[in-house]
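Thanks, everyone. Today I will go through the pockets, the ligand and the cavities, in that order of topics, though not in order of size.

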Amino acid sequence: MNISKRVDAMQFSPIRKFNPMAIEAEKKGKKIYHLNIGQPDVETPECFMEAIRNFDEKVIAYAESGGRPELISAVIDYYKKYDIELEPSDMIVTNGGSEALSMSFLTLLNDGDEVLIPEPYYTNYSTFALMAGGVVKPIPADASKGYAYADKENIEACITPKTKVICCLEPGNPTGNILSLDEMKVICELAEKYDLAIIADEVYREFVYDGRTPVSFGQLSEYADRVIIVDSVSKRFSACGARIGLLISKNKEFMSGCMKIAQGRLCVSTVDQIGSAALFRLPDSYYDEAKAIYCGRRDAVVEELRKIPGMNVVVPAGAFYLTCALPVEDIEDFLTFLLTEFEDNGESVMFAPAAGFYATPGKGKNEIRIAYVLKEEDMRRGVELIRLGLEAYNKKLGK
Ligand SMILES: Cc1ncc(COP(=O)(O)O)c(C=O)c1O
């Protein structure tokens, strides 16, 4: 049997790659703090389960390919808060934001087309682009500049005749970088100049800290025809397993292309759509509470990281991830050490090695991504274990 070149070129997710090692350690009785994956421990709001309990149709039937009407109408109402007016035909309910991304790339790309993304970026973008025959081209975004990337020259230097899409993860995973409305405008103007589509991945939209107001590319209505919004209930409502996402665009031709794929895969889970409709109707107080929780966790992580000598931490402005360099040469070797050799009172820790979040070979080799999705005391202990692990690792290396 031959495996396609397309799949051969893909990598395993750096977020999950070390799971087998962690499972082995756990089998031996070690407690592992999982800072590697964006799976929040925050409870899914009760209204999700309640809506499903009240669902009393006798057959779990296929839903419409574009999504169930009660979910679509709840999403339309939710977007009104951002002054974004949507019609039902402007959206397709998808299997998580992930399917919205793969559908978008399949609809937009031909073989060899280029997708621009600020680097480091959510690693599965490479997988989705490769699935569609495309290739990721990174826009440089440096830690020394707080991962800001949205200046005209920086982006323009990356555009080639093959560039078809620019992806903005807003707020960003894995750096927590956010864009201002002015920066979004710069991106839209470039998209207009070079006839590019913009994928605005806003799955963390509300999670912006320190008094910042959430914004959306959808608010720039003059560019609506080239903007594709990717959304999801996974992070916003701590409902990752519900697998409900959204693909939103005012571009009729694009939506019609995506609908062909949506009809091919029939539909998204009827039951999860029922629960998700209730989530989109939660009051603003829900967002305030969730945001306060993640902000507290962010501050705890930053405080603990700064106890590591020589650490340089870019404080994330949004989402719930932080990327930083550790004083080691090879992060994967250090992580292997943490999972197989190191323990402190029977505990160790796991993070995502950041090299897999870069398209540029050799970048991120000494960096990690931490997801601050666990309780504050667990986050503190997790980072403390990184610090203690570093001491033990350096001792082992004779440093
Ligand atoms: C930036 C970003 N986009 C999309 C996704 C996909 O999430 P889901 O498919 O669960 O909606 C993730 C998941 O971590 C993400 O971080």
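I start with the second largest pocket, which has a volume of about 340 Å³. Keep in mind that this is a predicted model. Lining that pocket are 13 residues, and those nearest its centre are Leu108, Ala197, Asp225, Asn251 and Phe254. Helix H9 (252-264), strand S5 (163-169) and H5 are the elements that each give two or more residues to this lining. Sorted by class, the lining has six nonpolar, five charged and two polar residues.

Now the largest pocket. Its space comes to about 530 Å³. The lining consists of 26 residues, with Ser98, Tyr122, Asn124, Lys235 and Arg243 closest to the centre. Two elements, helix H5 (96-108) and strand S7 (227-232), give two or more residues to it. Which element gives the most? That is H5, with four residues. The class count for this lining is eleven nonpolar, ten polar and five charged. Both domain 1 (5-43 + 285-396) and domain 2 (46-282) supply at least three residues to the lining of the largest pocket.

Next, the ligand. It is surrounded by 13 residues, and the closest are Ser98, Asp201, Tyr204, Ser232 and Ser234. Ser98 is also among the residues closest to the centre of the largest pocket. Three side chains make polar contacts worth pointing at. For Ser232, a polar side-chain atom lies 2.6 Å from an oxygen atom of the ligand. The side chain of Asn173 has an N or O atom 2.7 Å from a ligand oxygen. For Lys235, the distance between a side-chain N or O atom and an oxygen of the ligand is 3.0 Å. How much of the ligand does the protein bury? On its own the ligand exposes 400 Å², and the protein buries 94% of that.

Last, the enclosed spaces. There are two cavities of 30 Å³ or more. The largest has a volume of about 110 Å³. Its lining has 16 residues, and Pro118, Pro120, Gly172, Thr175 and Asn177 lie nearest its centre. Strand S3 (residues 114-119) provides the largest share of that lining, three residues. By class, ten residues of the lining are nonpolar, four polar and two charged.

The second largest cavity holds about 30 Å³. Its lining is made of Glu170, Pro171, Ile178, Arg205, Val208, Thr213, Pro214 and Val215. Five of these are nonpolar, one is polar and two are charged.

That is what I have. Questions are welcome.

Note on methods. Residues are numbered from 1 along each chain as its sequence is written. This is a predicted model: local features need pLDDT of at least 70, side-chain atom pairs count only at pLDDT 80 or more; totals for chains, interfaces and linings use all residues. Side-chain values use heavy atoms; hydrogens and water are left out. On a 1 Å grid over the protein atoms alone, a cavity is a set of points where a 1.4 Å probe fits but cannot get out, and a pocket is an open set with protein on both sides within 12 Å along at least five of seven lines; lining residues have an atom within 4 Å of a point. Grid points are joined across faces, edges and corners, and a volume is the space filled by probe spheres set on the points. Ala, Val, Leu, Ile, Met, Phe, Trp, Tyr, Cys and Pro count as nonpolar, Asp, Glu, Lys and Arg as charged, and the others, Gly among them, as polar. Domain bounds come from an automatic or database domain assignment. A residue is near a molecule or strand if one of its heavy atoms lies within 4 Å of it. A polar contact is a pair of N or O atoms within 3.5 Å; within protein, one must be able to donate a hydrogen and the other to accept it, and residues adjacent in sequence count only if both atoms are side-chain atoms. Accessible areas come from the Shrake-Rupley method with a 1.4 Å probe; for residues, only the protein chains shown count as cover.
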